[in-house]
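Work through the exercises below with the sequence and the structure in view. Each task is followed by a solution in steps.

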Amino acid sequence: MEVKPQILIVEDDREVRETLGYFLSAMGYRTAGAENGHEALELLQGGLRPAVILLDLMMPVMDGWEFREQQLGDEDLARIPVIVTSAMTPRGEELLADACFLLKPIDLQDLLRAIERRVRPRFDGGAN
Amino acid sequence: VAKSDPKEVRGAGGDDLELDAVLAMLATLAEIGTSIEVGIGSIEPASHPALGPEAQSVEPSRLHVVEARYRALIEQIPAVTFVASLAGGRNEIYVSPQIEGLLGFDQEEWTSDPILWYRQIHPDDRQGLSLEFAASCMSGRPFKQVVRVLTRAGEVVWVHAEARFVRDEQGRLLFLQGIGFDITEQHRAQEKLMQERAARAEADRERARLREMFTGLPAAVSVLRGPTYRIEFLNPIAAEVAGAERDVTGEPLCDAFPELFERVAPVLDEVRATGEPFVAKEISVRPPGQPAGQPPGQEGERWFHLTCQPLHDRRGRVDALLLHAVDVTQEVLARRQVEEALQLREDFVSVAAHELRNPVNGLKLAFQVLRLHLAGAPVGGMPPDPTRWLDKIDVQIERLMRLIEGLLDVSRITAGRLHLELERVDLVEVAREVVERSTSGMDPGRSALRAAGPVVGTWDRLRLEQIVTDLVTNAIKYGAEKPIEIAVERNGQIARLSVLDRGIGLTPEDQARIFQKFERAAPLRRHGGLGLGLWITHQIVEALGGRIAVESRPGSGSLFTVELPLESAR
C-alpha cells in the first residue's frame with residue numbers, strides 16, 4: 001500500500017491543530033503537530049521530514065517568522081515546502097517569499113489543493 | 001531787502017550792539033529827517049511838531065550830506081527799518097525800501113495805508129503783538145517780538161521786530177522807531193532742527209519700544225551683524241535657548257556659542273550670500289552637551305520653528321541677520337501624543353480583526369468537517385462524530401464572545417458606563433473556581449492557590465471573576481510553563497489577591513505601560529490578544545475602589561497584586 005505523505009502542522013491553537021490533523025488524516029495524510037516554531041524545529045532536527053509544513057505565524061516561544069529564518073538557514077530543511085496560515089496578512093516577505101499563504105479562516109478545500117500541489121512532483125521535476 | 005542770511009540775522013538779532021547802532025542811526029535820521037524826502041515815504045516836519053526846532057535849524061546842505069550817508073546805510077542793512085508816529089493820523093511815517101523785498105509792498109503802499117501793517121500780521125500773532133506792545137508802552141522799555149507777517153502773496157515771513165519809543169524832553173512819546181529782521185530762514189532751520197531732533201527722539205523711542213518688544217517676545221530673537229555674526233542683540237529667551245551663561249552681546253557667534261555656531265553657520269552663510277530668508281520647521285534642539293542622534297523626545301529636547309531673515313544696509317546689501325525661533329515643543333509633543341493615540345487605535349483595529357479571525361477560523365474548520373460528516377461523505381473512513389465538532393464549535397463561540405465582551409468593556413469603560421452588580425462575594429471561592437477552570441488539563445503541580453479562609457466583601461461577582469481570570473491566564477500565558485502561585489488574604493478592611501509567575505517578566509518600561517489601553521509588553525508575533533486585558537482589569541479594580549500593582553524582572557517572572565476594600569466605594 002502507498003505510504004501517504006506527512007504534513008507537519010505548526011499551530012499554537014490546540015483546537016485548530018486538532019481539527020486540521022483530523023481532517024488531513026481523514027484525507028489520507030499522515031500528520032504531526034507542533035505548538036510553536038521551537039517544537040517544530042526540534043521535530044525536524046530529530047529527523048522528521050514532512051512533505052509540507054503548515055505554519056502559523058503568531059505563536060509563543062518561537063513565532064513563524066523566526067522558525068522560517070531557522071528553516072531557511074538549514075539547507076536540508078529549506079527544501080521542505082511551507083504553507084503559511086495566518087489571521088493577518090504577513091509582513092517579512094523575504095522570509096515568506098517562496099511560501100504559499102492562506103489567510104484564516106482556512107477553507108479546507110483550498111488547503112487540500114495547496115498541499116496536493118506541493119506533495120505531487122510535477123513532470124518538470126519542480127517541487128512547486 | 002533780500003531775505004537775510006541766517007548767520008547775519010542771528011548776529012543782528014542776538015547782538016544788541018548792532019541793534020543799538022541801527023537804532024541810534026534811525027534816531028538820528030528821525031531827528032534830522034524832518035525835512036527830508038526819504039524816497040517815497042517822506043517825513044513831514046509839519047505833521048511832526050515833536051521833531052522840534054533843533055532839527056529845523058540844521059543847514060540844508062549839511063542835511064543833504066547826512067541824509068545821503070544815512071540813507072545809504074539804512075538801505076543797505078539787511079533789515080527793514082521803520083519810524084511810526086504815535087500821535088495819531090498816519091501810523092507809519094517811514095519804512096525803508098527793503099519792505100518791498102520782504103513783503104512785496106513798496107514804501108508808498110506801506111506808508112499810505114495806516115493799518116496795512118496790522119492786516120499783514122499773521123492773525124494768530126496779532127494778540128501777542130498787541131499785548132507786548134501795550135506792555136512796552138506802559139513800561140517804556142524797548143519792544144521786542146517775533147511775529148509772522150504775511151507777504152502780498154500770502155506767504156509767511158518770520159520777522160524779529162525791535163523798536164524803541166522816542167520821547168521829547170518832557171517825556172512825551174513822539175514816535176516809535178524800529179527794525180525788522182527777516183528770520184524766516186533761521187526759523188526754518190531751527191524748525192528743521194527741532195523736527196530732526198523730534199524725529200531722532202521718536203526713532204530712539206521706536207528703537208527702545210522695538211527692543212522692549214523683542215525682549216519680551218515669547219520667542220527667541222537675535223540680531224547677528226557682519227561677516228563674523230557679531231551678536232548685536234539677544235533677547236532673554238534666545239540667551240536661554242542658546243545656553244548663554246554671561247552677557248555675550250558684541251561677541252562673534254563662534255566665540256559665544258561654538259557648538260551652536262557649528263550647526264547654524266551653513267544656514268547663516270547661505271542667507272548672507274543669497275539674501276533669501278531661511279525658514280525651517282520643528283528644528284530639534286537638545287541641551288548643550290547632549291549628543292545628537294538620540295531617540296526623539298529625550299529629556300530636555302525642544303523644537304523650534306526657525307526663521308533667518310536678512311537685514312539690509314542702505315545700499316541694499318545684507319549686513320545683519322535676524323534670527324527668530326518660536327518654541328513649538330508643546331505643539332510637537334501634543335501632536336506626537338495624538339499621532340501615537342491614532343497609531344494605537346489603528347493597530348488595535350488590526351489586532352482586533354486578527355483576534356476575531358482566530359475563533360472564526362476554528363469555527364469554520366469545525367463547520368467544514370461537520371458538513372463533510374453530515375453530507376455522508378466518507379471522511380477517510382473515520383466514523384462520523386458530530387458531537388465532537390459541535391463541542392469545538394461551542395468552544396470557538398465562547399472565545400468569540402469573550403473577545404466581543406472585551407471590546408464592549410472598552411466601549412463601556414471609555415464611556416463611563418461600567419455597571420457594577422454589588423453583592424456579598426467570597427474572593428477565595430471566586431479565585432478557586434477561576435484557577436480550576438483556567439488550569440483544567442494542565443499539570444496539577446503547575447498552579448497553587450493559597451488562602452487562610454474566606455475573604456468576603458461587597459463586590460461585583462462577574463467583574464471579580466474577570467479580574468482573577470485575566471491575571472491567572474496572563475500568568476499561564478507568560479509563565480513559561482513554570483508553576484504559578486495565587487494567594488488571597490485579608491489585611492484589615494482590605495482584600496489582597498496576588499498572582500505570581502516565573503515567566504518572561506517585564507522591563508520597568510513595560511511595567512509602566514501594561515495597564516494602559518492597547519498596550520502589550522509581549523511581542524504581538526508571539527502572543528496574540530487585544531492588549532486590553534490588564535487595562536480592563538485596572539479599570540474594574542479602580543471602579544471597585546482598589547488598586548493594582550506589578551513587581552517584575554525580565555526573565556524572572558511577575559507578581560501582580562490587587563488590593564480591594566472589602567466594602568467597595570460604589
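## Exercise 1: A salt bridge in chain B

The side chains of Arg335(B) and Glu282(B) form a salt bridge, with N and O 2.7 Å apart. The model is a predicted one.

Task. State which elements hold Arg335(B) and Glu282(B), and what the pair ties together.

Solution.
- Step 1. Arg335(B) belongs to helix 13 of chain B, while Glu282(B) belongs to strand 10 (residues 278-285) of chain B, so the salt bridge ties together parts that are 53 residues apart in sequence.
- Step 2. The relative accessible area of Arg335(B) is 35%, and that of Glu282(B) is 31%.
- Step 3. Partly exposed covers values between 20% and 50%, so Arg335(B) is partly exposed and Glu282(B) is partly exposed.

## Exercise 2: Two further pairs in chain B

Task. For the salt bridges Arg225(B) with Asp319(B) and Arg205(B) with Glu202(B), find where the partners lie in the chain.

Solution.
- Step 1. In the pair Arg225(B) and Asp319(B), the closest N and O atoms are 2.8 Å apart.
- Step 2. Arg225(B) is in strand 8 (residues 220-225) of chain B and Asp319(B) in strand 12 (residues 318-327) of chain B; with their positions 94 residues apart, the pair links distant parts of the chain.
- Step 3. Arg225(B) has 26% relative accessibility and counts as partly exposed; Asp319(B), at 23%, is partly exposed.
- Step 4. In the pair Arg205(B) and Glu202(B), the closest N and O atoms are 2.7 Å apart.
- Step 5. Both Arg205(B) and Glu202(B) sit in helix 9 (residues 184-216) of chain B, 3 residues apart, which is about one turn of the helix.
- Step 6. Arg205(B) is partly exposed with a relative accessible area of 45%, and Glu202(B) is partly exposed with 32%.
- Step 7. Over all chains the count comes to 37 salt bridges.

## Exercise 3: The interface of chain B and chain A

Task. Describe the contact between chain B and chain A by its residues, its buried area and its salt bridges.

Solution.
- Step 1. Chain B gives 29 residues to the contact and chain A gives 29 residues.
- Step 2. The size of an interface is often given as the accessible area lost when the parts come together. Between chain B and chain A, this buried area is about 2,700 Å², and carbon and sulfur atoms give 59% of the area.
- Step 3. There are 3 salt bridges between chain B and chain A. A salt bridge joins the side chains of Asp13(A) and Arg399(B), at 2.4 Å from N to O.
- Step 4. Across the interface of chain B and chain A, 9 residue pairs are in polar contact, both residues being at pLDDT 80 or more.
- Step 5. On the side of chain B that touches chain A, the elements that give two or more residues are helix 13 (329-374) and helix 14 (386-414) of chain B. Helix 13 of chain B provides the largest share, 14 residues.
- Step 6. The residues on that side of chain B are 11 nonpolar, 11 polar and 7 charged.
- Step 7. A network of salt bridges links Arg14(A), Glu15(A), Glu18(A) and Lys392(B).

## Exercise 4: Cysteines and the make-up of chain B

Task. How many disulfides are there over all chains, and are Cys254(B) and Cys308(B) buried or partly exposed?

Solution.
- Step 1. A search of the whole structure gives 0 disulfides over all chains.
- Step 2. Cys254(B) has 33% relative accessibility and counts as partly exposed.
- Step 3. Cys308(B) has 0% relative accessibility and counts as buried.
- Step 4. Of the 570 residues in chain B, 41% are buried. Chain B has 18 helices and 19 strands.
- Step 5. Among contacts in chain B with a separation of 6 or more, 58% join residues 24 or more positions apart.

## Exercise 5: Two residues of chain A

Task. Where do Arg118(A) and Val61(A) lie, and is each buried or exposed?

Solution.
- Step 1. Arg118(A) is in helix 6 (residues 108-119) of chain A.
- Step 2. The limit for buried is under 20%; Arg118(A), at 15% relative accessibility, therefore counts as buried.
- Step 3. The side chain of Arg118(A) reaches the backbone oxygen of Ala114(A) at 3.0 Å.
- Step 4. Val61(A) is in the loop between strand 3 (52-56) and helix 3 (64-72) of chain A.
- Step 5. Exposed means over 50%, so Val61(A), with a relative accessible area of 53%, is exposed.
- Step 6. Val61(A) and His38(A) are 23 residues apart in sequence, and their C-alpha atoms are 6.8 Å apart in space.

Technical notes: Residues numbered from 1 in each chain as written. Chains lettered and ligands numbered in written order. Predicted model: local features only at pLDDT ≥ 70, side-chain atom pairs only at ≥ 80, totals over all residues. Heavy atoms only, no water. Contact = heavy atoms within 4.5 Å. Buried area = accessible area lost by both parts, 1.4 Å probe. Salt bridge = Lys/Arg side-chain N within 4 Å of Asp/Glu carboxyl O. Polar contact = N/O pair within 3.5 Å; in protein donor to acceptor, adjacent residues only side chain to side chain. Helix = DSSP H or I, 4+ residues; strand = E, 2+ residues; numbered from the N terminus. Nonpolar A, V, L, I, M, F, W, Y, C, P; charged D, E, K, R; others polar. Buried < 20%, exposed > 50% of the residue type's maximum accessible area, 1.4 Å probe, protein only. Disulfide = S-S within 2.5 Å.
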